[in-house]
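Here's a quick tour of a protein model with something bound in it. Have the sequence and the 3D view open side by side as you read.

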Amino acid sequence: PLYTESARPQLHFSPTSGFMNDPNGLVYSNGTWHMYYQYNPNATVAGNQHWGHATSKDLFTWQQHLPAIAPENEGEGIFSGSAVLDVNNTSGFFDDNVPADSRFVAIYTLNTPAEQNQNIAYSTDGQHYTKYSGNPVISLNTTQFRDPKVFFDDATQQWVMTVAHPQSYEVGFYASKDLRTWNELSRFGPHGVLGFQYECPDLVQVPVKGGERDGQLAWVLVVSINPGAPLGGSFVQYFVGDWNGTAFRPDNGAAQIADFGKDWYAAQTFYNAPQGRTVGLAWASNWQYTNVAPTSPWRSVQSLPRDMTLRWTNMNPLQKGYVLALEPSPEILSLPSTPLLNTTKAENTTVVLRGDGAFDVRATVTANVSSTNFPSLEFVISSSHGSTAEKVKIGAQIGQPTMIYVDRRTAGRTWADENVFFTDRLSGQLTPSTQNSSSALTTFDLRLIIDRSISELFVDGGLVSSTILHFWDDKAQPAQLDVGTHGGVKLDFISVSHVRSTWP
Ligand code: FRU
């Protein structure tokens, strides 16, 4: 079987060998999800960037293909970008007999020592791309200009590109009728957290649940920052606002954090996702330590695909209360799985994590926010059944607001101690909306997906999420989960299931 290495995630996508970073060119076509990604096939560090390629029918079971786009000259790289379906053949690249949903155009940055410029390539199967002979399609004679993400703007009937001007902290907006000729529309920024560079912008429409705009679509601009995240290194921030066909205007200038872990970067959404869904994923690592992460013969995994919605909360009236909720895409529930625990009214529980796939934990928690008994709850993942086992802890301290934490301090110290940036304790907070002001009781749900060297936490329907890597010493693997509640916290429901490996 593939993927037997002890740190190798069984549900997350990773390449067999080599180095992977950002997801690129995410596009859904005729029942197939295509994922391209930044890829160095020859070494386990970044460099020699290609677009690797994988496809899936269900977002979780991936088939690997040969790299789709490769650099031509020494010292050059095919950097991040996006892909669209040119159904109306606006580019003129396609013969009439090519089905509309097989008209792939990729838009990427060519990185050379002299310049970063924007390029396009086309394909009729998503696997073999031909670079356009007229490349580059945008050149500004600068080494800092990258990560084009393109969508079709229905209101203005043209293609729109968002692209990073990294060190002037601006997102550029360009428009085109044919994907070949581009005109600048406007720039956004500096706004939010600046850090050292803006990277990988993505302007996307997200379904709204609740509040004034219930049932509508709202515009969200996602911007990645590296380095300079509040938690160190790389992170993703977003702005809720409005796109008028020419410019993006945020509801206000304040950014919000997408995921409070340290391993969720360069997020991108799929072009043409079905059923009005907004689905995206991110690279599950951090530039601060990715090039030395203790895995071999590959480095890095992608996060699980997440469905995105904007949910209304009482939080922060300045933002009109909208918060981006990220939840594992529902296809995860149709994967083959075995229940290990399914119970109500649990308080303190131990579950042996039997099986060599991943584990999906779901719980509903009720507590009294005004209790003086320090209500809290903790999930402890241990690498073996003994008392000396390494542990990753994930918990909540309930109050106003409720604080959520992840603690990887007692896992994989051998490597972590050498890496000052592998921050081992991180925290976020729940939005007060769930804490109904007329009642002292709070209820929230919690979802934890444990997959060998990575865990993803989702609280309150994904209003809060946290993605963390955790490397275990001695090739250990998650072996036991202990759930503990204190100060009157009740678990109304908890289930744990083993999800079979999606790798053959
Ligand atoms: C983000 C990034 C992008 C760039 C790519 C290079 O992680 O730095 O800005 O296009 O990675 O691999």
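What follows covers the ligand site, some unusual backbone spots and one strand with its partners.

## What kind of model this is

Before you start clicking around, keep in mind that this is a predicted model.

## Around the ligand

Which residues surround the ligand? The shell is made up of Asn21, Asp22, Gln38, Gln49, Phe79, Ser80, Arg146, Asp147, Glu199, Tyr265 and Trp287. Sorted by character, that shell has three nonpolar, four polar and four charged residues.

Three side chains are worth picking out for their polar contacts with ligand oxygen. Gln38 puts a polar side-chain atom 2.6 Å from an oxygen atom of the ligand. For Glu199, the distance from a side-chain N or O atom to a ligand oxygen is 2.9 Å, and for Asn21 the corresponding distance is 3.0 Å. On its own the ligand has 320 Å² of accessible area, and the protein covers 93% of that. If you'd like to find the shell by secondary structure, the elements that give two or more residues to it are β1 (18-29), β5 (77-85) and β9 (146-153).

## Odd spots in the backbone

Most peptide bonds are trans, and most residues other than glycine have a negative phi. With that in mind, here are a few places to check.

Two cis bonds lead into prolines. One runs from Ser296 to Pro297, with omega near 5°, and Pro297 sits in the loop between β19 (279-283) and β20 (298-299). Another runs from Gln400 to Pro401, also with omega near 5°; Pro401 belongs to the loop between β27 (391-397) and β28 (403-410).

Then there are two asparagines with positive phi. Asn48 has phi near 55° and is found in the loop between β2 (32-40) and β3 (50-56). Asn89 has phi near 55° as well, and its loop runs between β5 and β6 (104-111). Are these two asparagines buried or exposed? Asn48 counts as partly exposed because its relative accessibility is 31%. Asn89, on the other hand, is at 18%, so it falls under the 20% cut-off and counts as buried.

## Strand β31 and its partners

Now scroll to β31, residues 454-459. Why is this strand described as largely enclosed by the rest of the structure? Because six of its six residues are buried. In a regular strand, side chains alternate between the two faces of the sheet. Here both faces of β31 are covered: Ile454, Glu456 and Phe458 are buried on one side, and Ser455, Leu457 and Val459 are buried on the other.

On the β30 side, β30 (residues 441-451) pairs with β31 in the antiparallel sense over six bridges. Leu448 has Leu457 of β31 as its bridge partner. These two strands form a hairpin with two residues between them, and Arg452 in the turn has a positive phi of about 60°.

Going the other way, β31 pairs with β32 (residues 464-469), again antiparallel and over six bridges. Here Phe458 has Ser465 of β32 as its bridge partner. The hairpin of β31 and β32 has four residues between the strands, and Asp460 takes a positive phi near 60° there.

Definitions and conventions:
Residues are numbered from 1 along each chain as its sequence is written. This is a predicted model: local features need pLDDT of at least 70, side-chain atom pairs count only at pLDDT 80 or more; totals for chains, interfaces and linings use all residues. Side-chain values use heavy atoms; hydrogens and water are left out. A residue is near a molecule or strand if one of its heavy atoms lies within 4 Å of it. A polar contact is a pair of N or O atoms within 3.5 Å; within protein, one must be able to donate a hydrogen and the other to accept it, and residues adjacent in sequence count only if both atoms are side-chain atoms. Accessible areas come from the Shrake-Rupley method with a 1.4 Å probe; for residues, only the protein chains shown count as cover. Ala, Val, Leu, Ile, Met, Phe, Trp, Tyr, Cys and Pro count as nonpolar, Asp, Glu, Lys and Arg as charged, and the others, Gly among them, as polar. Buried means under 20% relative accessible area, exposed over 50%, partly exposed in between (1.4 Å probe, protein chains only). Two strands pair if DSSP finds at least two bridges between them.
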